[in-house]
Every structure is written in C-alpha cells, then in structure tokens.
Amino acid sequence: EAEKIRIKITSLGLTESRITEDETIQQLFVECRLNNFLAEETPLSLPKPTGGQRIHYNYSTVINVDKEDNHAEREYLKSILLKPDLPADSLKFTVVSDPPEDEQDLECEDIGFAYVSLKEIFQKQRDIIEQDIDVFDSQDASAVIGKLTVTVEALNALRSVHEECKND
C-alpha cells in the first residue's frame with residue numbers, strides 16, 4: 001500500500017456561471033495530472049449537470065510510485081517533500097468540455113481546474129477522502145465554477161518516500 005497513490009473522482013457539481021449558461025458546453029470529463037508524468041482521464045464524458053445536480057463519475061485510478069518501476073514519479077514525490085518552494089506540488093484536476101458527436105469540429109476545451117496539494121496531505125498527515133474541492137474557471141482563476149468530489153490517498157506513499165529521504 002505504501003507504493004501507491006489512489007485517486008478517485010467521484011462527482012462534479014457546477015455553480016451558476018458562464019459554464020452553465022454556455023450551450024456549446026454539453027458533455028464533461030475530468031483529467032487528473034501529476035506534474036508532467038501522468039495524465040489519466042475519466043473514460044466517460046457525462047452530460048453537464050444543471051440546477052444544483054451532480055454528475056457521478058466514480059472513476060478510480062492508481063499511480064504506482066515504487067522504486068523499481070516508477071523511479072521518476074518517486075523522485076518527484078521526494079522533491080515535493082524536500083523543496084518547500086516547489087510550485088507544482090499538486091495533483092491537478094481539469095474539467096474538460098467534450099464536443100458533442102455532431103460538432104466534431106469543436107475542440108475539447110479546458111473549462112476549470114482544481115488542485116490537491118500532496119505536500120499538504122503530508123504536512124497534515126491526512127489523506128483526502130471524498131472531499132469537495134473548488135473548481136476554478138479556466139478563464140478567471142478567482143472564480144469558482146463548481147465542486148469536484150475527490151479522494152486522494154497518498155499519505156502512505158509520501159511517508160515511505162520521506163523515510164527514504166531520511167536514509168539517503
């Protein structure tokens with residue numbers, strides 16, 4: 001268990017914003033990214049939720065951070081713990097608009113970003129379990145456009161990496 005980060009994207013709800021009003025935005029999926037190593041996305045895009053409803057992805061993925069096979073990921077986790085000024089200490093969740101089937105000339109568009117700080121998980125010694133995190137508008141980082149419910153279980157992996165740092 002110590003060599004894995006578990007991520008679950010449970011559900012998404014939107015608040016009233018340009019996103020809810022934009023009729024070209026119909027289907028949404030969520031991508032999760034760890035620095036530049038790894039991007040995973042929900043296999044389904046779901047119809048945009050309206051009026052206080054939520055859409056449920058219930059998508060889980062695991063990032064392996066064992067020394068043998070995933071050295072780069074592990075070194076990155078070390079750098080998060082050792083370098084306090086490293087800006088990219090977060091898992092980044094991106095809410096993406098998936099163009100409808102009949103509008104294939106439209107591009108996928110990033111409409112919002114949400115973040116979970118791995119450093120904070122380690123500092124607080126607490127995983128994030130089914131927590132609502134703010135989704136910020138991709139065009140206005142101060143505007144919250146919704147809530148994403150996520151689980152990020154990284155504490156055991158971070159502790160393991162931290163032990164290793166002490167022994168290096």
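Modeller: Let's settle one term first: contact means heavy atoms within 4.5 Å. This is a predicted model, where local features need pLDDT of at least 70 and side-chain atom pairs count only at pLDDT 80 or more, while totals for chains, interfaces and linings use all residues. Residues are numbered from 1 along each chain as its sequence is written, and side-chain values use heavy atoms, with hydrogens and water left out.

Colleague: OK, which residues does S45 touch, not counting those up to four places away in sequence?

Modeller: S45 sits in the loop between β3 and β4; strands (E, at least two residues) and helices (H or I, at least four) are DSSP runs numbered from the N terminus. S45 and V96 are 51 residues apart in sequence, yet 8.8 Å apart in space, C-alpha to C-alpha. Skipping residues up to four places away, the ones S45 touches are Q27, L28, F29 and D98.

Colleague: What is the mean pLDDT of the chain?

Modeller: pLDDT is the predictor's confidence in each residue, from 0 to 100. Among the elements, helix α2 (residues 71–82) comes lowest with a mean of 86, and strand β8 (residues 128–137) highest with 97. For the chain, 96% of residues reach 70 or more, and the mean is 90.

Colleague: How many residues of strand β2 are buried?

Modeller: Buried means under 20% relative accessible area, exposed is over 50%, and partly exposed falls in between (1.4 Å probe, protein chains only). Strand β2 covers residues 27–34 and is largely enclosed by the rest of the structure, because the buried count out of its eight residues is six.

Colleague: Which residue is the bridge partner of V30 in β6?

Modeller: Two strands pair if DSSP finds at least two bridges between them. β2 has an antiparallel pairing with strand β6 (residues 90–98) over eight bridges. There, V30 in β2 has as its partner V95.

Colleague: And which residue stands opposite L28 in β4?

Modeller: Strand β4 is residues 46–47, and β2 pairs with β4 in the antiparallel sense over two bridges. The β4 residue facing L28 is L46.

Colleague: Which residue takes a positive phi in the hairpin of β2 and β3?

Modeller: β2 and strand β3 (residues 38–41) run antiparallel and are joined by four bridges, with R33 partnered by A39. Most residues other than glycine have a negative phi. In this hairpin there are three residues between the strands, and the one with a positive phi, near 45°, is N35.

Colleague: Is E31 buried or exposed, and what is its relative accessible area?

Modeller: E31 lies in strand β2. Leaving aside neighbours within four places in sequence, E31 contacts A39, E40, E41, K92, F93 and T94. E31 counts as buried, with a relative accessible area of 16%.

Colleague: What is the relative accessibility of S97?

Modeller: S97 is in strand β6. Beyond four places in sequence, the residues touched by S97 include T24, I25, E107 and C108. S97 counts as buried, its relative accessibility being 4%.

Colleague: Which residue stands opposite F113 in β8?

Modeller: Strand β7 (residues 109–117) runs antiparallel to β6, joined by eight bridges, with L91 standing opposite V116. β7 also pairs with β8 in the antiparallel sense, over two bridges. Opposite F113, in β8, is F136.

Colleague: At what distance from the ring centre of F113 does K92 lie?

Modeller: A charge sits over a ring if NZ of Lys or CZ of Arg is within 6 Å of the ring centre and within 35 degrees of the ring normal. K92 lies over the face of F113, and its distance from the ring centre is 4.5 Å.

Colleague: Which residues touch the most other members of the largest nonpolar core?

Modeller: A nonpolar core is a set of buried Ala, Val, Leu, Ile, Met, Phe, Trp, Tyr and Cys residues joined through side-chain atoms within 4.5 Å. V152, for example, touches residues including I5, V116 and I128, leaving out those up to four places away in sequence. The largest core has 44 residues, and the ones touching the most other members are L91, F93, L118, L148 and V152.

Colleague: Last one: what is the relative accessibility of Q125?

Modeller: Q125 is in the loop between α3 (118–124) and β8. Q125 has a positive phi of about 55° although it is not a glycine. Q125 counts as partly exposed, at a relative accessibility of 34%.
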